[in-house]
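Here is a walk through one protein structure, from its overall size down to a single residue. Keep the structure in view while reading.

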Amino acid sequence: MTSFVIVVCSKCGGLLAAKAEQKTRICPYCGFKIVLDKSKRVAVANSAREASMILKRLKRKAAEKRRS
Ligand SMILES: [Zn+2]
């Protein structure tokens, strides 16, 4: 089973999901090449579906924090 990690882009702070076995991932927001081993993992998911659900929840939380 492929597991996924939710990481924070060290350049722009954006949240994105990547496969756990991937070494690097290009940030969809700023284009920065993220090295997954060196980036901050905020969550782990067991499927792409779960990863996107976690991502959605975290993004909503971040938006709420900005508002208050
Ligand atoms: Zn970024």
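For a compact globule of 68 residues, a radius of gyration near 11 Å would be expected; the protein has 12 Å, which agrees. The model is a predicted one. Taken along the principal axes, the box filled by its C-alpha atoms is roughly 35 × 25 × 15 Å.

The secondary structure consists of 5 strands and 1 helix. Along the sequence their order is β-β-β-β-β-α. Contacts also link distant parts of the chain: among those between residues at least 6 apart in sequence, 43% join residues at least 24 apart.

The helix, α1, covers residues 48-67. Its 20 residues, at 1.5 Å a residue, should span 28 Å, and the end C-alpha atoms lie 29 Å apart, which agrees. How many residues of α1 are buried? The number is 1 of 20, so the helix lies largely in the open.

For the protein as a whole, 15% of the 68 residues count as buried. A residue is counted as buried when 20 or more other C-beta atoms lie within 10 Å of its own. The largest nonpolar core has 9 residues: F4, V5, I6, V7, C9, L15, C27, I34 and A51. Strand β1, residues 4-8, supplies the largest share of this core, with 4 residues.

One member of the core, C9, can be followed further. Which residues is C9 in contact with, leaving aside its neighbours within four places in sequence? They are G14, L16, C27, Y29, C30, F32 and I34. Of these contacts, C27 and I34 also belong to the core.

Notes:
Residues are numbered from 1 along each chain as its sequence is written. This is a predicted model: local features need pLDDT of at least 70, side-chain atom pairs count only at pLDDT 80 or more; totals for chains, interfaces and linings use all residues. Helices (H or I, at least four residues) and strands (E, at least two) are DSSP runs, numbered from the N terminus. The expected span of a helix is 1.5 Å times one less than its number of residues. A residue is buried if 20 or more other C-beta atoms lie within 10 Å of its own, exposed if 12 or fewer, and partly exposed in between; C-beta atoms are placed from the backbone. The radius of gyration is taken over C-alpha atoms; the globule rule is 2.2 Å times the number of residues to the power 0.38. Two residues are in contact if their C-beta atoms, placed from the backbone, lie within 7 Å. A nonpolar core is a set of buried Ala, Val, Leu, Ile, Met, Phe, Trp, Tyr and Cys residues joined through C-beta atoms within 7 Å.
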